[in-house]
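Here are my notes after a first look through the model. I've kept them as short numbered points so you can follow along with the structure open.

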Amino acid sequence: MAIDVRIPTILRSYTGGAKAVSGSGDSLADLLTNLDGSYPGLRARLITPEGGLHRFVNIYVNDEDVRFLGSLDAKVNDGDTVTILPAVAGGAFGLAAAAAVLGR
Amino acid sequence: MLTIHREIIEAIVAHARRDHPDEACGVVAGPVGSDAPLRHIPMENAERSTTFYRFDSTEQLRVWREMDDRDEEPVVIYHSHTATEPFPSRTDVSYAGEPNAHYLLVSTRDEHTAEIRSFRIVDGQVSEEPVQLVDESMDPMRSYQKSGDPHAVQSFMFGQSPAAVDYECQH
């Protein structure tokens with residue numbers, strides 16, 4: 001058994017076009033490190049240089065947004081499905097101002 | 001070029017008007033690879049803000065899975081600007097994560113005339129594209145095409161009541 005990971009269109013350049021790949025690990029952080037071994041560069045699109053989850057993506061373990069599960073510390077188990085989606089956001093406000101107001 | 005049914009644009013404008021002065025957002029799904037936006041899905045703006053929008057992450061997962069099950073993709077991703085022009089902000093560009101999508105912006109800054117413009121946003125590069133409205137009657141003579149010149153004024157009149165547009169049935 002492994003963890004099934006669903007890859008969004010914008011990141012399929014890292015997976016040779018694959019929509020779904022398999023990985024392993026006990027936490028989301030472990031899983032992303034494991035995946036980066038097979039698909040170099042993928043992790044850097046999901047995790048900031050400071051080590052946090054990038055605000056431009058949503059990651060889910062089964063049906064739950066990992067932001068509600070401890071973010072990168074979220075536990076994952078064999079048989080789980082991890083889904084990565086691009087966060088859909090924006091607006092008339094400048095990014096820096098929006099980040100300051102929203103505390104992100 | 002974005003080719004889209006007039007009824008869907010009217011439903012999008014109605015959604016933007018309803019949520020004004022907050023920004024409204026949503027998706028128009030279509031069969032994978034078809035470039036045909038056919039199924040309008042208004043989304044919650046989780047930020048409920050006049051200057052920012054974000055799809056609710058749980059709703060987004062549900063909607064994206066549903067599209068996957070139906071062999072659909074997000075052909076159009078739209079949102080409104082409620083006090084400024086319908087042109088992608090730096091925030092919009094930095095978040096644009098669907099390279100195959102048409103990014104449709106609606107401005108509701110004018111009470112009577114909604115402005116719509118469509119863009120491709122790939123690798124941080126914004127390019128405007130023409131919008132062709134098609135009537136459900138399929139009569140090609142009734143379609144309208146606007147220039148893709150980024151300096152052209154692309155305004156569409158939506159002064160009529162959108163009362164006949166039942167976009168809430170999509171849920």
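1. Let's start with Leu2(B), since this is a predicted model and the burial call is easy to retrace. Leu2(B) has 23 C-beta neighbours inside 10 Å, and the cut-off for buried is 20 or more, so Leu2(B) counts as buried. The residue sits in strand E1 of chain B, which covers residues 2-5.

2. Which residues does Leu2(B) contact, once its neighbours within four places in sequence are left aside? The list is His102(B), Leu104(B), Ser118(B), Glu129(B), Val131(B) and Gln132(B). Have a look at Glu129(B) in particular: 127 residues separate it from Leu2(B) in sequence, yet the two C-alpha atoms are 7.0 Å apart in space.

3. Next, strand E7 of chain B, residues 115-122. Is this strand mostly covered or mostly open? Mostly covered: six of its eight residues are buried. Ser118(B), one of the contacts of Leu2(B), falls within the residue range of this strand.

4. E7(B) has strand partners to check as well. Strand E6 of chain B (residues 102-107) runs antiparallel to E7(B), with five bridges joining them. If you want a pair to click on, Tyr103(B) stands opposite Phe119(B) in E7(B). Strand E8 of chain B (residues 125-129) also pairs with E7(B) in the antiparallel sense, over five bridges. Here a handy pair is Ile121(B) with its bridge partner Val126(B) in E8(B).

5. The link from E7(B) to E8(B) deserves a glance too. These strands form a hairpin with two residues between them. Asp123(B), in the turn, has a positive phi of about 50°.

6. Now for the contact between the chains. How many residues does each chain bring? Chain A gives 20 residues and chain B gives 27 residues. On the chain A side, strand E3 (57-61), strand E5 (81-86), strand E6 (89-90) and helix H2 (95-102) each supply at least two residues. The largest share of that side, three residues, comes from E5(A). By class, the side of chain A that touches chain B has twelve nonpolar, six polar and two charged residues.

7. Last point: there is strand pairing across the chains. E6(A) is joined by two bridges to strand E4 of chain B (residues 53-54), and the two run antiparallel. To find the spot, look for Ala89(A), which stands opposite Arg54(B) in E4(B).

Note on methods
Residues numbered from 1 in each chain as written. Chains lettered and ligands numbered in written order. Predicted model: local features only at pLDDT ≥ 70, side-chain atom pairs only at ≥ 80, totals over all residues. Contact = placed C-beta atoms within 7 Å. Helix = DSSP H or I, 4+ residues; strand = E, 2+ residues; numbered from the N terminus. Nonpolar A, V, L, I, M, F, W, Y, C, P; charged D, E, K, R; others polar. Pairing = 2+ DSSP bridges. Buried ≥ 20, exposed ≤ 12 C-beta atoms within 10 Å, placed from the backbone.
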